[in-house]
Amino acid sequence: MGLRIALLQMDIVFGNPSENYKNVENHFETLPTNEIDIVVLPELWTTGYDLTRLDEIADKDGTESVEFISSLAKKYHVSIVAGSIAKKHSDATVTNTLLIVNRQGELIKEYSKAHLFRLMDEEKHLIEGNSNGIFELEEHRSAGVICYDIRFPEWIRTHMLDDTKILYVVAEWPKPRIDHWRALLVSRAIENQCFVVACNRVGSDPNNQFGGHSIIIGPWGEVIAEADEVETVLFGEIDVDQVDKVRSTIPIFSDRRPEIYKL
Ligand SMILES: NC(=O)CCC(=O)C(=O)O
């Protein structure tokens, strides 16, 4: 059996964490969780892009969100790539931080968005992370990045040089650039010969309308499942062994010539 994944392509209530916790809980109640290994949530799913109120609504140390996600993981016995949250640190800075929780409810990884997106004012309210998003989940070497990060192929390659097989992407990607979203994700899958599992939100906030099109792409660039623009759960099953087959057919990792590249 492959790895069975469900992406919660949800709407997000602007600046209202308790409503968003409720929404996620409702989704979980309707999921066929005995047929799912991993559930994926979008970017900033607790607050949305209500960045000017982060002082009030960001999650202090991420404690509330981690407890919430951890209890869902244990209750439903699934791993959760828990999108990202606005995490407030003890020095009052805030990061856009991805949380990964396993079936036992243990927080196994946090990754903070490395590239802040100026078009949505992130650099005015957030600080960037400086560490990679590599982790082991359901026995597969995986990586997680956040939205704008996918425009930096060198950053994704940095993760893939570690024999990583699955790239998770969580996003709030606006509708006007949804063709970029799709093209970038397919490119990242083909050039790294990996699975891409990408969860975007739908709906709108005061500044943007978001484009959905959550997608699962295989290591040959083939689309395994894709959503449209409405709130939905996208299901897909992936056979992670395919990555090694593609990588041995066209061995780009051993054919690389890093000594002639400018980074
Ligand atoms: N939330 C984001 O990082 C949005 C990135 C985006 O829209 C882009 O075009 O890049």
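**Exercise 1. Identify the bridge partner of Leu167 in strand 10, and describe how strand 9 is paired.**

Solution. Step 1: Leu167 has Val196 as its bridge partner in strand 10. Helices (H or I, at least four residues) and strands (E, at least two) are DSSP runs, numbered from the N terminus. Residues are numbered from 1 along each chain as its sequence is written. The model is predicted: local features need pLDDT of at least 70, side-chain atom pairs count only at pLDDT 80 or more, and totals for chains, interfaces and linings use all residues.

Step 2: Strand 9 and strand 10 (residues 195-200) run parallel and are joined by six bridges; two strands pair if DSSP finds at least two bridges between them.

Step 3: Between these two strands the chain passes through helix 6 (residues 178-192), in a right-handed β-α-β crossover. Right-handed means that, with the strands pointing away from the viewer, the path from the first strand over the helix to the second runs clockwise.

Step 4: Strand 8 (residues 140-146) also pairs with strand 9, in the parallel sense, over five bridges. Here Gly144 has Tyr168 of strand 9 as its bridge partner. Strand 8, helix 5 (residues 153-160) and strand 9 form a right-handed β-α-β unit.

**Exercise 2. Determine how many residues of strand 9 are buried, and which way its side chains point.**

Solution. Step 1: A residue is buried if 20 or more other C-beta atoms lie within 10 Å of its own, exposed if 12 or fewer, and partly exposed in between, with C-beta atoms placed from the backbone.

Step 2: In strand 9 (residues 166-171), six of the six residues are buried.

Step 3: In a regular strand the side chains alternate between the two faces of the sheet. Ile166, Tyr168 and Val170 point one way, while Leu167, Val169 and Ala171 point the other way.

**Exercise 3. Locate His77 and Asp163, and classify each as buried, partly exposed or exposed.**

Solution. Step 1: His77 lies in the loop between helix 3 (63-76) and strand 4 (79-88). Asp163 lies in the loop between helix 5 and strand 9.

Step 2: His77 counts as partly exposed because it has 13 C-beta neighbours inside 10 Å. Asp163 is exposed, because 11 other C-beta atoms are within 10 Å.

Step 3: Most residues other than glycine have a negative phi. The phi of His77, however, is positive, near 55°, and that of Asp163 is positive, near 60°.

**Exercise 4. State which residues are in contact with Leu3, leaving aside neighbours within four places in sequence.**

Solution. Step 1: Leu3 belongs to strand 1 (residues 3-9). Leu3 is buried, because 22 other C-beta atoms lie within 10 Å.

Step 2: Two residues are in contact if their C-beta atoms, placed from the backbone, lie within 7 Å. The contacts of Leu3 are Asp37, Ile38, Glu138, His140, Glu237, Ile238 and Val240.

Step 3: Leu3 and Ile38 are 35 residues apart along the chain, and their C-alpha atoms are separated by 7.8 Å.

**Exercise 5. List the residues that surround the ligand, and sort the shell by residue class.**

Solution. Step 1: The surrounding residues are Glu43, Phe117, Met120, Cys147, Tyr148, Arg151, Glu172, Trp173, Pro174, Arg177 and His180. A residue is near a molecule if its C-beta atom, placed from the backbone, lies within 6 Å of it.

Step 2: Ala, Val, Leu, Ile, Met, Phe, Trp, Tyr, Cys and Pro count as nonpolar, Asp, Glu, Lys and Arg as charged, and the others, Gly among them, as polar.

Step 3: The shell therefore divides into six nonpolar, one polar and four charged residues.
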